[in-house]
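Work through the exercises below with the coordinates open. Try each task before you read its solution.

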Amino acid sequence: MADNGDDDHEYKIKEGDYIVLKRGEIFKAVQIVQKKKIIFEKQWFFLDGAVGHLYGTTFEIASGGILQPQKPKNTESPSDSKEAGTDNRNIVDDGKSQKLTRDDIETLKEQGLKGQEIIQQLIENSSTFRDKTGYAQDKYIKKKKKKYENTVTILKPSCRILAMMYHGREPGKICHLRYDTLAQMLTLANIHAGSKILVFETCAGLVLGAIMERMGGYGSVVQMYPGGGPVRAGVESFGFPAHFLDTLHEFPICHVSALLAGTLDVTARDPTADEKQLSTAAEEDPNQTQAEEQNMETDTAVGAGQDQEQQEKEKRREAKAQEKKVKLEEKRKRLAAAAALLEGRNADGLVIASRFHPSPVLLGLIRFLSPSRPFVVYSQYKEPLIECYTKLKEEGGTVNLRLTDTWMRHYQVLPNRTHPVLLMSGGGGYLLSGITVATDGPKPAGPQQSEEPAPKKLKLNHTEG
Amino acid sequence: MSFVEYSDVIRDGDVAIVYLNHTSAMPVKVQQGAQTQTRYGVIRHSTDLIGRRYGSKVTCSKGGWVHVLHPTPELWTVSLPHRTQILYTTDIATITMMLELKPGSVVCESGTGSGSLSHAILRTVAPSGHLHTVEFHQQRAEKVAEEFREHRVDHLVTVRNQDVCRDGFGVTGVADAVFLDIPSPWEAVPHAKAAMKRQGGRLCSFSPCIEQVQRTCQALADQDFEEISTLEVLLRVHDVRTVSLPLPDFGQDSSTRDPPSDSTAAPPNPPAVTLKTTTPPREIPGHTGYLTFATKPRT
């Protein structure tokens, strides 16, 4: 079914694509740029040779760092000799079992021998290989394969792959958020197409990208960002189609208080600020030029050529000011658009995963959610989430609060050798999740929000009356 | 209301979740004139539900109150009528990410069971994806199809009443992902492969027993699946508590003995430290099942 060539178009590796390199359990996200040297697992190569091939292809790294697609299926273990020992009673670790020296192996490599062939040589020159048990032989081959096979597989990026990559390579950049914890967040926050999601993260854009992937370009995402600008390096690695970015908005958290108080006026107030900036910038410029002109005038030896230069300078300056104006206007428009999305306080979900203390972030941003909408907060540490839990309980307006973490263990599954993998992650961070509810009383009384302490007051009134 | 799209207001014909407390929630089919009994008393749909906002607090006839929530696959999982053993949110979340599900994905699933995972899949693949779900038990297949209609997701799903091990999924070359939760998944692996796209995709098998996992992994390797990986994931809940820890009294240093009048004035309450911490529940589910994932390469 669906066997026409057109179908493969989206599966072809193209220049400019964001891809993921894979060898064994190691991943690396890169962009395909012509003649750009890539270093991966201590080997360098160019990705030009991969263009036009299909995603999922495994390449061999030939001399000169050129990628060549691997011939299909020659992965069977090189030694088919079924000779094996029964146990390891006669194997002594004296460092003499391998007859090939380091230099010998380097020579073999220089002769252009493939990984497979080198491993075959290693086996033939090992005096103990035949005495190893069948299981130990498999393990030996697997270990050597990892060391000498110079292949790399090119994959299309996905949330699964990028989350595992970041967790494995740079956990510090993503606040040690483990991939299964991210999986819980996406599900607990009911991330799906067509909703309006608020995100506050300092995980290099991984959480934001994961949310955008789950929304598939439908609905809207507002990234609430700290500092000068939103960080989105991780989002790029997902290689989303351009229209996905139309659904992404950003709003600086430094304006949250103003927005909540209703004092943020992006149509009138802010632009004046911007205009002030602009006008001061514009004012500065003429002053400068005037000063320069005066200098020119006082200068007796003014040539016609210099005059022209002067004009050009002015033009450039004007163009720059114009550009700045356009940029500011664009920024103002984006801020206004994001503010408009938030103002209704009808967002469908809130996801927080940052190095900031989650309590003020949560208490501030939860006010932008509609009632009956999920939220989830990640923290590497448990204590700040205990504080969030306590404060939410005090304030009311939420139900189904749960502080959790996940325990995850991988298994080696082999005939007669199935057991948990020896190393496991010690922890993947903590989550606080819950659902917002309407804070006004049971009767649909008024639009103003009555707080939880209200019942107490009522009681007092009763006793007084 | 739909399980794949939020609404603000409760309407006649919706399915709403009545949230009683952190251990109990129940689904309610909202119907003009109908009533629902809860332990806090009766909820009258016409006055207490219809026209109110989702998330509202509703006072029941006995004076107790509940919250009425918009349905989500996660709330459905904790409130649905069990017809089989079901998958819970922790496993579902892991499955969803590891199968790389997203809007537009085409997914095959068997067995459907009580539809706990099915709803989560539908939520994630909407609006442009599709779920082909196969259940060999006729009544279960009919019941879940009815629920999909009530939850307004029936346009995204095809329910087939057949035996996946014998008859497969009823589709070939269309699936981005396959999920197996059946007693002998290894028998369905060739069918799973046939259902998947030529360009490849992801597979997951859920099995409670390690023997099942071993046979499934062998079958996956025989069918040239790659990246075969088995894992287990468990949820740990931390209950927030305020605890008070008394401090021990080591008595007085005898060398600086105070006059006896002072010692009688010692505070009657032994000193203690109060703090917020968490405690684990006394018992937790320590095993649900092993999750085996694999990648089908391009064929």
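The exercises go from whole chains to the interface and then to single residues.

This is a predicted model, in which local features need pLDDT of at least 70, side-chain atom pairs count only at pLDDT 80 or more, and totals for chains, interfaces and linings use all residues. Residues are numbered from 1 along each chain as its sequence is written, chains are lettered from A and ligands numbered from 1 in the order in which they are written, and side-chain values use heavy atoms, with hydrogens and water left out.

**Exercise 1. Describe the overall build of chain B.**

Step 1: count the secondary structure. Chain B has nine helices and 14 strands. Helices (H or I, at least four residues) and strands (E, at least two) are DSSP runs, numbered from the N terminus.

Step 2: check the dimensions. The radius of gyration of chain B is 26 Å, whereas a compact globule of 299 residues would have one near 19 Å. The radius is taken over C-alpha atoms, and the globule rule is 2.2 Å times the number of residues to the power 0.38. The C-alpha trace of chain B spans about 95 × 55 × 30 Å along its principal axes.

Step 3: look at burial. Of the 299 residues in chain B, 54% are buried. Buried means under 20% relative accessible area, exposed over 50%, and partly exposed in between (1.4 Å probe, protein chains only).

Step 4: look at the charges. Chain B carries 29 positive and 32 negative side chains, with the centres of the two sets 6 Å apart. Lys and Arg count as positive and Asp and Glu as negative; His and the chain ends are not counted. Each charge is placed at NZ of Lys, CZ of Arg, CG of Asp or CD of Glu.

**Exercise 2. Give the matching figures for chain A.**

Step 1: chain A has 13 helices and 15 strands. Step 2: 43% of its 465 residues count as buried.

Step 3: turn to the surface. Chain A exposes about 25,900 Å², and carbon and sulfur atoms supply 50% of that. For chain B the exposed area is about 13,400 Å², with 52% from carbon and sulfur atoms. These areas come from the Shrake-Rupley method with a 1.4 Å probe; for residues, only the protein chains shown count as cover.

**Exercise 3. How much area is buried between chain B and chain A, and which residues of chain B lose the most?**

Step 1: the area buried between the two chains is about 5,600 Å², and carbon and sulfur atoms give 57% of it. Step 2: Y6(B), M97(B) and H238(B) lose the most area on the chain B side, together 13% of what that side buries. Buried area is the accessible area (1.4 Å probe) that two parts lose on being put together, summed over both.

Step 3: count the partners. In chain B, 66 residues are in contact with 67 residues of chain A. Contact means heavy atoms within 4.5 Å.

**Exercise 4. Place Y19(B) and list its surroundings.**

Step 1: Y19(B) sits in strand β1 (residues 15-21) of chain B. Step 2: its relative accessibility is 8%, so Y19(B) counts as buried.

Step 3: set aside neighbours within four places in sequence. Y19(B) then contacts V399(A) and N400(A), along with S24(B), A25(B), V66(B), H67(B) and L69(B). Step 4: take a C-alpha distance. Y19(B) and W65(B) lie 9.5 Å apart in space and 46 residues apart in sequence.

**Exercise 5. Which peptide bonds, one ending at G111(B) and one at P127(B), should be checked for omega?**

Step 1: the bond joining S110(B) and G111(B) is cis, with omega about -10°. G111(B) is in the loop between β7 (106-110) and α4 (116-125) of chain B.

Step 2: the bond from A126(B) to P127(B) is also cis, with omega near 5°. P127(B) belongs to the loop between α4 and β8 (130-134) of chain B.

**Exercise 6. Is H176(A) buried or partly exposed, and what is its phi?**

Step 1: H176(A) lies in the loop between α4 (159-169) and α5 of chain A. Step 2: its phi is positive, about 60°, although H176(A) is not a glycine. Step 3: H176(A) counts as partly exposed, because its relative accessibility is 36%.

Step 4: continue to the helix. In α5 (residues 179-188) of chain A, nine of the 10 residues are buried. N190(A) follows α5(A) and has a positive phi, near 50°.
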